[in-house]
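Reader: I would like a close look at the part of this model where the chains come together. Could you take me through that region in one connected account, starting from the nonpolar core?

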There are 2 protein chains.
Amino acid sequence: MKFFDDMQIGDLREIGKHQFTAEEIKRFARSFDPQPFHLDEEEARRSHFGALCASGWHTTAACMRLIVDYHKGLAAEMIARGERPAKIGPSPGFKNLKWRKPIYAGDTVTFASEVIELRPSASRPQWGVVRMLTQGTNQKGERVYEIENIAFIERRTA
Amino acid sequence: MKFFDDMQIGDLREIGKHQFTAEEIKRFARSFDPQPFHLDEEEARRSHFGALCASGWHTTAACMRLIVDYHKGLAAEMIARGERPAKIGPSPGFKNLKWRKPIYAGDTVTFASEVIELRPSASRPQWGVVRMLTQGTNQKGERVYEIENIAFIERRTA
């Protein structure tokens with residue numbers, strides 16, 4: 001992770017993309033969201049979704065996986081350049097999670113994050129508070145997913 | 001699901017409980033959140049969490065599973081009494097997801113939902129809009145998880 005002091009409002013980065021296969025959609029649903037439209041093509045066709053689609057919680061989990069991989073890659077690059085990556089504090093939670101459109105079997109979603117607010121932590125001078133908006137867009141260019149998160153990122157000046 | 005017209009603000013229902021085993025925490029993390037403190041006891045001990053704990057997205061997924069099972073049970077009971085369960089519309093998303101405290105390996109979390117707002121849908125008279133607060137409490141009575149959601153629930157008067 002970049003240090004808080006090296007971030008700017010409007011910084012936009014592509015996190016990665018993920019294809020939601022029918023097999024993966026059903027596997028997630030069997031464990032965590034066993035509703036007919038996430039488990040079976042025929043039942044999904046008869047539902048309000050019209051076709052097999054991913055659990056919204058599968059979307060959040062797949063997005064998290066891409067974020068973790070992205071940060072690991074970034075940390076490895078910084079270490080290769082002889083820099084120390086910034087620490088990230090535990091996430092306190094999220095705001096405004098929006099499943100804008102269904103993600104259907106076979107869809108590929110590209111996730112990107114934008115820095116929308118930066119402020120020093122009032123109580124902990126070694127941390128900065130970063131608000132980010134992460135959005136997911138499918139292969140047709142449709143916005144399908146949106147989540148706002150707050151992260152505590154280490155300050156270079158600490 | 002009960003019909004919108006049969007709900008009242010303050011209605012509280014226990015959704016169910018879930019024990020987060022070390023094995024399950026690691027399995028979820030390998031797929032969706034491969035950070036050291038969700039994968040390995042020793043690395044977790046050295047982290048800010050102090051012990052192996054569940055991914056926050058594992059918490060949301062486990063809670064969803066309990067909600068689906070709860071509604072299936074409720075629907076089966078209504079059908080057994082000769083009633084038709086109300087339809088639930090697709091969820092537009094969530095607000096204010098809060099991971100208040102870590103959920104450690106072995107913890108059992110009880111989830112409960114409370115109706116906090118009821119209003120008829122302005123645009124679709126067959127649906128009512130229900131705002132619910134779902135909270136998770138561990139075996140020590142500590143509030144560990146909180147999420148606010150909006151659901152579209154069928155009206156009896158439609």
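Author: The largest nonpolar core has 52 residues, and those with the most contacts inside it are A:Ala61 and B:Ala61. This is a predicted model, and the values that follow are computed from it. In soluble globular proteins, nonpolar side chains tend to be buried together. If neighbours within four places in sequence are set aside, B:Ala61 is in contact with A:Phe32, A:Trp57 and A:Ala61, and B:Ala61 is itself one of the buried residues of helix 4 of chain B.

That helix deserves a description of its own. Helix 4 of chain B runs over residues 56-80, which makes 25 residues, and from its first C-alpha to its last it reaches 37 Å, close to the 36 Å expected at 1.5 Å a residue. Its buried residues are B:Gly56, B:Trp57, B:His58, B:Thr59, B:Thr60, B:Ala61, B:Ala62, B:Cys63, B:Met64, B:Arg65 and B:Leu66. After helix 4 of chain B comes B:Gly82, a residue with a positive phi, near 80°.

Turning to the contact between the chains, 22 residues come from chain B and 22 residues from chain A. On the side of chain B that touches chain A, helix 4 and strand 2 (93-99) of chain B each supply at least two residues. By character, the residues of that side of chain B divide into 11 nonpolar, seven polar and four charged. Because 100% of the interface residues of chain B are also interface residues in chain A, the copies meet through the same surface.

The strands add a further link between the chains: strand 2 of chain A (residues 93-99) and strand 2 of chain B pair in the antiparallel sense, over four bridges. Within this pairing, A:Leu97 has B:Phe94, in strand 2 of chain B, as its bridge partner.

How the copies are related can be stated in terms of a rotation. Two copies of a chain are related by a rotation about an axis and a shift along it. Here a turn of 180° with a shift of 0.0 Å along the axis lays chain B on chain A with an RMSD of 0.0 Å. The two copies are thus related as by a two-fold rotation axis. Among the residues of chain B, B:Lys95 is the one that comes closest to the rotation axis, with its C-alpha at 2.6 Å.

A backbone detail in these strands is also worth a look. A:Asn96, which lies in strand 2 of chain A, has a positive phi of about 50° although it is not a glycine, and A:Asn96 counts as partly exposed because it has 14 C-beta neighbours inside 10 Å. In chain B, B:Asn96 has its place in strand 2, with a phi near 50°, a positive value in a residue other than glycine. B:Asn96 is partly exposed, since 14 other C-beta atoms lie within 10 Å.

One residue of another strand completes the account. A:Gly16 lies in strand 1 of chain A, residues 12-19, and counts as partly exposed because it has 17 C-beta neighbours inside 10 Å. Not counting residues up to four places away in sequence, A:Gly16 touches A:Leu66, A:Asp69, A:Tyr70 and A:Phe111. A:Gly16 and A:Gly136 are 120 residues apart in sequence, and in space they are 9.7 Å apart, C-alpha to C-alpha.

Key:
Residues numbered from 1 in each chain as written. Chains lettered and ligands numbered in written order. Predicted model: local features only at pLDDT ≥ 70, side-chain atom pairs only at ≥ 80, totals over all residues. Expected span 1.5 Å × (residues − 1). Buried ≥ 20, exposed ≤ 12 C-beta atoms within 10 Å, placed from the backbone. Contact = placed C-beta atoms within 7 Å. Core = buried A, V, L, I, M, F, W, Y, C linked by C-beta atoms within 7 Å. Nonpolar A, V, L, I, M, F, W, Y, C, P; charged D, E, K, R; others polar. Pairing = 2+ DSSP bridges. Least-squares fit on C-alpha atoms with pLDDT ≥ 70 in both.
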